[in-house]
Amino acid sequence: MADFQRTMPDAQPHLARRRGLWSYTRLDAWLLLFILVLCGYGLLVLYSASGGDMGYVVRQAVRMGAGLVVMTVFAQLRPQLFARWAPAMYVISLGLLLAVLLVGVGAKGAQRWIALPGFRFQPAEIVKLVLPLMVACYLANRPLPPSFRHIVISLVLIFVPVVLIMKQPDLGTSLLIAASGVFVLLLSGIYWRYIFGALAVAAAGLPGLWMVMKDYQKQRVLTFLDPESDPLGAGWNIIQSKAAIGSGGIEGKGWMLGTQSQLDFLPESHTDFIIAVMGEELGMIGILMLLGIYLMIIARGLVIASKAQDSFGRLVAGSVTLTFFVYVFVNIGMVSGILPVVGVPLPLVSYGGTSIVTLMAGFGLLMSVQAHRQMISH
Amino acid sequence: MSAFDSLKDHTKEGRVFLSRALIAFVIVVLLMGVLIGRLYYLQVIQHDQLAAVSDDNRIQLQPVAPTRGLIYDRNGTLLADNRPSYSVTLLKEKVGDLEATLTELQKLIPISERELESFHRRLKQRRRPYETVPLRFRLTDDEIARIAVNYQRLPGVQVEADLIRYYPFGASLVHALGYVGRINEKELKRVDPKNYSATHYIGKLGIERFYEPLLHGEVGYHKVETNARGRVMRVLEQTDPVPGKDIVLYLDIRLQQAAEKLVEGRRAAIVAIDPKTGGILALVSNPGYDPNLFVTGISTKDYKALRESPDLPLFNRALRGQYPPGSTIKPMVAMGVIDSGVVSPTHTIFDPGFYTLTSGGRRYRDWKHGGHGTVGLDMAIYQSCDVWFYDVANRAGVDIISDYLGRFGFGQVTSLDLPEALPGILPSKAWKKKTGRGSWFAGDTLNLSIGQGWMLATPLQLATAAEVMANRGEWKQPRMLKGVMKHNKHKADKLTEGSVVDISGLEGTKAVLPDIKLKNNQYWKRIIDAMIAVVHGPRGTARKIGHGLDFQIAGKTGTAQVVGIKQDEVYDADSMAERHRDHALFIAFAPADNPEIAVSVIVENGGGGSSTAAPIARDVIDAFMQLKRQDSEVDELAGVAKDG
């Protein structure tokens with residue numbers, strides 16, 4: 001039965017169901033709507049966070065546009081195509097990650113970029129998409145829930161790139177990538193006993209993690225635990241971002257009127273700490289609206305994943321959606337002081353190039369899964 | 001592939017996924033709840049505290065130092081001014097390599113170890129990043145230029161301006177005005193820290209110290225919004241500082257300078273008081289020193305030079321020089337014995353040149369070998385006969401003499417606003433016992449009656465006694481402050497006459513002594529006539545200064561045996577010889593019938609009062625009368641100009 005479905009040509013879409021003009025775009029209307037609202041909201045906040053610099057807004061909008069193009073292209077491709085290319089892409093990505101460690105460029109003691117003439121990019125961003133595709137591809141072809149052996153192999157697939165990225169070092173990204181792989185495993189239906197077992201092992205392994213962390217990473221954790229210990233240095237960011245969010249209150253100080261952000265007390269106010277600007281200027285109401293949009297995107301993503309008709313589509317869509325939430329949670333958690341500071345941007349709101357394109361590409365995967373579902377008849 | 005596929009149960013996998021997705025969604029919602037809970041905690045529960053943190057960040061209360069009040073003399077001449085001074089500050093965040101910058105600056109301008117030390121201390125005490133820290137104060141124009149030229153190479157280095165005190169008359173007035181200096185920790189504890197939060201200088205001595213509360217003013221505030229770099233973005237509110245009051249002294253700088261000139265090169269003090277007000281017209285202690293050195297912190301070398309000078313320039317002779325008054329107190333002693341009824345004003349003795357308490361006992365000598373012969377009260381004063389005083393003192397006893405001298409202000413500080421003034425010593429039985437010098441002897445009384453022995457008095461006290469004598473017993477408390485300028489207009493003629501300044505709370509305020517009421521008011525004339533005879537009588541001890549006057553001077557000479565202020569200097573024959581000479585003293589007031597000036601003069605090791613001190617007093621009185629004539633001519637001219 002499955003075999004038959006898989007080999008069904010997609011040349012007769014009209015047979016599947018009656019379709020409107022919009023369906024030819026293969027874009028999911030709801031998801032697109034939420035994304036556009038989020039982008040617009042993000043640009044509004046960025047304008048204020050950059051101190052009213054239209055240049056930032058335009059550059060960010062251009063990136064969003066580029067991201068939407070990538071998303072649209074991805075939406076046109078069949079999920080099977082991604083599955084087919086996943087192993088090759090995975091190997092290439094690992095090669096790029098190794099290259100970063102050897103010949104990469106970067107700043108502030110971290111080596112994250114590969115520079116090509118007139119162009120530079122972070123291979124880790126590619127891995128964000130490739131890893132869930134790879135793990136999903138591997139598991140989708142096996143009986144689920146996966147056996148212990150398959151779980152171990154999946155974990156190895158996850159572990160290798162995560163370690164390479166940690167080495168750069170980029171704790172935030174390696175965390176996101178690890179999450180994206182692990183979500184595939186979790187969604188694949190692995191037994192709860194494995195999940196709880198893994199949690200227990202992880203708890204036991206924390207001291208070991210501490211041993212391998214770099215000094216600046218340890219510093220971040222220590223600062224997180226007690227920001228007042230270094231109020232002018234590492235603790236400054238957290239103290240200031242908490243003051244920004246808290247002083248905003250319920251209604252906020254008004255757009256462009258945040259004193260913390262407009263007077264430069266808030267560091268990185270237009271990148272990782274942009275939620276503090278929103279909290280200060282637009283208040284709790286503003287953040288709740290943002291969380292509302294995020295929740296709709298996540299809900300829509302999970303709906304798409306649930307409706308997917310093969311394991312690969314389900315696992316990829318589910319992982320992409322949940323990883324998106326990890327961005328949101330880790331970013332807001334660190335800025336509001338309940339998580340240590342790791343470099344995770346607020347998706348589609350923080351200023352910054354690569355992550356926007358990667359995120360949009362992820363939405364493209366979701367839409368691909370959604371759009372090519374109809375071709376399968378029951 | 002198909003082999004694997006055949007093993008898969010797609011329906012079951014879909015069900016499992018759906019349940020996992022639902023669980024995931026529930027967890028997502030729960031974690032969102034955690035975030036919302038955190039936001040609620042920050043934005044609702046902690047809102048007030050965090051809003052305060054945010055306001056503390058951006059809003060700063062910058063204290064603004066008030067401008068110190070100026071000091072004028074009675075004619076509106078500026079005696080203490082404020083001038084801009086420049087300091088160099090560092091902004092650590094912009095500096096980069098701090099040590100290298102400091103080394104570089106040291107090549108450009110001299111920076112002492114002490115300055116470096118306090119710089120590092122201030123650097124540690126910064127309240128936030130991007131706060132500038134001062135390194136060195138009072139740069140010269142040359143140093144400013146050298147720093148300015150090198151600004152490019154010295155990022156974060158800045159020159160900032162401040163106002164500091166300047167005394168245009170320098171050494172002439174240091175003993176009359178005192179000076180301000182950089183405020184130290186001990187002084188900061190004494191003053192209101194809020195009001196002095198921006199103040200760098202405080203009155204250390206004299207008028208500057210006494211009238212500190214008037215001169216300082218009230219601190220102002222700028223409530224400013226700054227960015228994280230400490231740059232002021234805008235002033236939200238400002239409370240301007242209230243400048244210190246400009247004060248006017250009774251002092252006449254012209255008389256002061258004339259008097260100073262009369263004792264040039266000598267160790268001497270002159271105090272002149274206006275008897276009608278108690279206002280101090282001149283207060284000279286020579287030598288002086290430049291107070292401007294102290295304002296900005298004197299160098300160790302300069303200070304050592306001042307401290308080790310044998311002429312003791314740091315020593316305020318007028319207020320703190322306690323000398324045996326010698327015969328200058330004889331008119332007051334005479335007043336005491338006749339007013340108390342111990343002897344009659346016509347009491348006469350025979351002076352053989354000495355006095356003995358008991359027949360054949362110790363001889364108390366008269367200054368005149370062979371004696372004055374028959375001596376009454378008048379002659380005892382104008383000839384300064386010691387034996388007459390020994391006789392009456394022995395009859396009166398110490399209590400009466402001490403009592404009457406006390407009424408003239410001896411033995412206590414009676415001046416209003418000269419915080420450094422010393423009380424001198426007025427001996428009495430109680431005093432001698434209290435200070436462990438044993439019981440009182442009759443001989444002590446004899447010595448006291450001619451201003452020798454235990455008694456010590458300052459030039460200010462002698463001038464005060466002369467003033468009270470001139471006023472026929474009416475006490476006008478000696479004081480420097482004439483008034484406070486209204487509206488701070490920088491013109492003395494805007495002074496509101498009689499403007500009352502409440503100084504009752506000020507440190508050092510002394511109670512005014514009661515006027516001296518005599519049993520017989522005629523005695524004032526008796527004593528003053530005798531004092532006039534000192535100058536104008538054919539045999540007066542100061543008759544040499546009594547010529548060419550259209551008014552009368554009442555005076556009294558004095559010569560004090562040297563106990564010496566300091567005898568342990570390096571041995572130097574000439575110097576030692578000079579310093580063994582007697583101190584010359586003279587007190588006077590004029591015109592005798594309607595006194596306008598009371599003067600005391602002391603010249604250390606000056607020899608005799610009549611030969612050295614009296615001519616100086618005469619010249620001071622002349623200068624005073626000359627200035628008075630000049631001023632009235634100017635007033636007349638001004639009046640004519642107005643009428644015309």
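**View 1. Helix α22 lies across three strands of chain B.** In this predicted model, helix α22 of chain B spans residues 459-470. The strands beneath this title are β13, β21 (583-590) and β22, each of chain B. Against β22(B), the helix runs at about 150°.

**View 2. Five strands of chain B form an open sheet.** The strand order is β14-β13-β22-β21-β20. Pairing in this sheet is antiparallel. Which strands stand at the edges? They are β14 (280-286) and β20 (554-560) of chain B. Each has a single partner strand, so one side of each is left without a neighbour in the sheet. On average, neighbouring strands of the sheet are turned by 5° against each other, direction ignored.

**View 3. Strands β13 and β22 of chain B are joined by bridges.** β13 covers residues 268-273 of chain B, and β22 covers residues 597-603 of chain B. How many bridges join the two strands? There are six, and the strands run antiparallel. For a residue-level view, take B:A272 of chain B: B:V599 in β22(B) stands opposite.

**View 4. Helices α3 and α4 of chain A pack at an angle of about 160°.** Helix α3 holds residues 29-49 of chain A, and helix α4 holds residues 54-76 of chain A. Their axes are 9 Å apart. Angles over 145 degrees count as roughly antiparallel, so α3(A) is roughly antiparallel to α4(A). The crossing of α3(A) past α4(A) is right-handed.

**View 5. Residues of α3(A) and α4(A) make the helix contact.** Which residues of α3(A) take part? They are A:C39, A:L43, A:L46 and A:Y47. From α4(A) come A:Y56, A:V57, A:Q60, A:A61 and A:M64. By class, the contact of α3(A) with α4(A) has eight nonpolar residues and one polar residue. Charged residues are absent from this contact.

**View 6. Chain A contains a cis peptide bond between A:Q168 and A:P169.** Omega is about 0° for this bond. Where is A:P169 placed? The residue sits in the loop between α7 (148-166) and α8 (171-187) of chain A.

**View 7. Chain B contains a cis peptide bond from B:N286 to B:P287.** Omega is near -5° here. B:P287 belongs to the loop between β14 and α13 (292-295) of chain B. β14 is also an edge strand of the sheet in View 2.

**View 8. A:R26 has a positive phi.** The value is near 60°, in a residue other than glycine. A:R26 lies in the loop between α2 (13-16) and α3 of chain A. Helix α3 of chain A is the one that packs with α4 in View 4. Why does A:R26 count as partly exposed? A:R26 has 18 C-beta neighbours inside 10 Å, and a residue would need 20 or more to be buried, or 12 or fewer to be exposed.

**View 9. B:L312 has a positive phi of about 45°.** B:L312 is not a glycine. The residue lies in the loop between α14 (300-308) and α15 (317-320) of chain B. With 18 C-beta neighbours inside 10 Å, B:L312 counts as partly exposed.

**View 10. Chain A comes to 15 helices and three strands.** Of its 378 residues, 49% count as buried. Among contacts in chain A with a separation of 6 or more, 72% come from residues 24 or more positions apart.

Technical notes
Residues numbered from 1 in each chain as written. Chains lettered and ligands numbered in written order. Predicted model: local features only at pLDDT ≥ 70, side-chain atom pairs only at ≥ 80, totals over all residues. Pairing = 2+ DSSP bridges. Axes fitted to C-alpha atoms, helices over the stretch in contact; angles between N-to-C directions. Contact = placed C-beta atoms within 7 Å. Parallel < 35°, antiparallel > 145°, perpendicular 65-115°, else oblique. Left-handed = near helix turned anticlockwise from the far one by under 90°. Nonpolar A, V, L, I, M, F, W, Y, C, P; charged D, E, K, R; others polar.
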